[in-house]
Amino acid sequence: MRNNKFWSIYLSLFAAFICILFPWSGIALSLRPDFMLLVILFWLLRAPNQCSVGTAWFMGLWVDLATGGIFGQYALAYTITTFFAVIYQRRLVLFSSTQQLVYVFSLLSLSQLILLILKAFAGHEFLGWTYFLPSVTGVLLWQIAVSFGLNTGRHSHGS
Amino acid sequence: MMRGIHQNFDQQQAPAFFARGPSPLARLTFFTAMSLALMATDSRLQYLAEVREKLMTLLHPLQVIANAPSELYHNTDEYFSTHHYLLAENARLKEQALTQDIALQRLNILNLENTNLRDLLEAKQSLTETSILAEIIHVGRDSFTKKIIVNRGKNHHVITGAAAVDAKGVIGQVTRTYPSSSEITLITDKSLAIPVQIERNGLRAIAFGHGRDNTLDLPYLPANVDIKRGDKLVTSGIDGVYPAGLAVATVVEMKTTQDSPFAHIVCMPTGGIENDRQLLLVSIPEVRQESATGFPANAAPASKKNRPSAAAPVAVTAPAITAPAATSTKPAQNTKPAIAAEPAPTPSANAGSRPHAQQ
């Protein structure tokens, strides 16, 4: 069981990474949800023992490599985001599905905000509010996955 | 085996609820520190360049997999393109080839003439640059930077610093090379500057990418600068990176305000920054080739960057005096010494149009 879950975690993370590697461009790029963070958050809620801050940091490094930016940007954003996710993970059992969506949305935005601050340090300009669109599409994707029957750990814990 | 037992034991000892290892705060501190250290190392020191290269090699097969669907779509799309469309395209390309052939013939003659004139002036031969055709694999995934990745890399002798050019003009510069791909920073990226000249009057300037909308800025030019809307910017070639004379951008807006001593100039790139799949990577050879005509390369310093200096005009004017002597040593070039000897001093007069004779 444990082994099985281990594999499904890493296969899904791998799939998310491939999704990031797709040749996105133009509008699709500005709408692209952060697949990696979504998958990490999902496993953080479902299997906090196997997927934690360290996993997020490690996967963040790969995303850094794929985006070609400075090493550590996504890693740091994912680390801080997953930290907050872990803190509130136990309360999530009590959350309604709407509350859960707000929770996921704020985590996704937090990650983008951290990236924005890091980019601002590197001398880049704010791209306007469309910058936060990926958080919205990310939540939509989350909701679609939930409505297709994906158990996001709301009513099951320690499974 | 041991591990399994250990895990079972561990789970019995502490409920899964608490078996989390170090506290989240400890993990946060540790990994944040790691990230900050990595960022500092990567942005200030060059240690990680090699690591990145190795990892990119690892990543390459994944990239190929990820590109497969769109690649397949493109291929099938081409396969099913209609007969009529192909005929039309063929006719158009033939016509284009014909007009370009004619232009090329003139270019050959002009090249020959240019070589002769340069010989007469003992000026350095212009460099023959090497070019590699590359195809865009994907555009950068970071919306803050303007970057594209192409499918040619170190294995195909792409070097960092090569200029990326399409049919209409310069589009960027190679900033990172990996074994089988390389990263091109577009000229619209905020961190890229490109030395340009106004085609109309030879005025030199440096164009900076704007970063957000696909435009270029020409900062630090005085408000009374002679630039008009519609002026064309071409590469000046002073930098030793871009070949001289390539189209870069067109001025679309020129504003002067009361409160700033500088003009506000916005330019639109001429190259198809956003809409091409193929491009050329043009690199100037590192070592200036020994002049093929046998002249010692003393007319201009052999350094890569001919910074504007007092030596440059001397280098141009001095050969003008000795030009007839130079022609006598080269019987092959004697076809038009009389014509060339007359206008020889003129390059120093309109020095702005020549890369070597800057100010």
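His157(B) is partly exposed, with 13 other C-beta atoms within 10 Å. On this scale a residue is buried if 20 or more other C-beta atoms lie within 10 Å of its own, exposed if 12 or fewer, and partly exposed in between, with C-beta atoms placed from the backbone. This is a predicted model, in which local features need pLDDT of at least 70 and side-chain atom pairs count only at pLDDT 80 or more, while totals for chains, interfaces and linings use all residues. Residues are numbered from 1 along each chain as its sequence is written, and chains are lettered from A and ligands numbered from 1 in the order in which they are written.

**Two residues with positive phi**

His157(B) is found in the loop between strand E2 (147-150) and strand E3 (163-166) of chain B. Helices (H or I, at least four residues) and strands (E, at least two) are DSSP runs, numbered from the N terminus. The table sets His157(B) beside Tyr220(B), each a residue other than glycine with a positive phi.

| Residue | Phi | C-beta neighbours |
|---|---|---|
| His157(B) | near 65 degrees | 13 within 10 Å |
| Tyr220(B) | near 60 degrees | 12 inside 10 Å |

Tyr220(B) counts as exposed, and its place is in the loop between E8 and strand E9 (232-235) of chain B.

**Chain B and its barrel**

Chain B has seven helices and 12 strands. Of its 359 residues, 28% are buried. Taking contacts in chain B between residues at least 6 apart in sequence, 60% join residues at least 24 apart; two residues are in contact if their C-beta atoms, placed from the backbone, lie within 7 Å.

Six strands of chain B make a closed barrel in the order E6-E7-E8-E11-E10-E9, with antiparallel pairing. Two strands pair if DSSP finds at least two bridges between them. Strand E8 (residues 216-217) and strand E11 (residues 263-269) of chain B are antiparallel and share two bridges; Leu216(B) has Cys267(B) as its bridge partner in E11(B). Strand E10 (residues 247-256) of chain B is joined to E11(B) by seven bridges, also antiparallel. Here Lys255(B) has His264(B) as its bridge partner. E10(B) and E11(B) form a hairpin, with six residues between them.

**Helix H6 of chain A**

Helix H6 (residues 97-121) of chain A has 25 residues. From first C-alpha to last it reaches 36 Å, close to the 36 Å expected at 1.5 Å a residue; the expected span is 1.5 Å times one less than the number of residues. Among the buried residues of H6(A) are Tyr103(A), Val104(A), Leu107(A), Leu108(A), Ser111(A), Leu115(A) and Leu118(A). An α-helix has 3.6 residues a turn, so residues three or four places apart point the same way. The cover over the buried residues of H6(A) includes helix H3 (35-46), helix H5 (73-87) and helix H7 (133-147) of chain A. After H6(A) comes Gly123(A), with a positive phi near 95 degrees.

**Nonpolar cores**

A nonpolar core is a set of buried Ala, Val, Leu, Ile, Met, Phe, Trp, Tyr and Cys residues joined through C-beta atoms within 7 Å. The largest has 50 residues, and those with the most contacts inside it are Met36(A), Val39(A), Ile40(A), Leu41(A) and Tyr78(A). At least two residues of this core come from each of helix H1 (2-21), H3, helix H4 (53-67), H5, H6 and H7 of chain A, and from helix H2 (24-44) of chain B. H3(A) gives the most, with 11 residues. Not counting residues up to four places away in sequence, Tyr78(A) touches Leu37(A), Ile40(A), Ala56(A), Trp57(A), Met59(A), Gly60(A) and Ser111(A). Another core, of 36 residues, lies apart from it and includes Ala134(B), Ala164(B), Ile171(B) and Val248(B).

**Where the chains meet**

In the interface, 40 residues of chain B are in contact with 36 residues of chain A. H2, helix H3 (48-79) and strand E1 (130-139) of chain B each supply at least two residues of the side of chain B that touches chain A. H2(B) gives the most to that side, with 12 residues.

**Confidence in chain A**

Chain A averages a pLDDT (the predictor's confidence in each residue, from 0 to 100) of 85, and 93% of the residues score at least 70. Among the elements of chain A, helix H2 (residues 26-31) has the lowest mean pLDDT, 82, and H5(A) the highest, 92.
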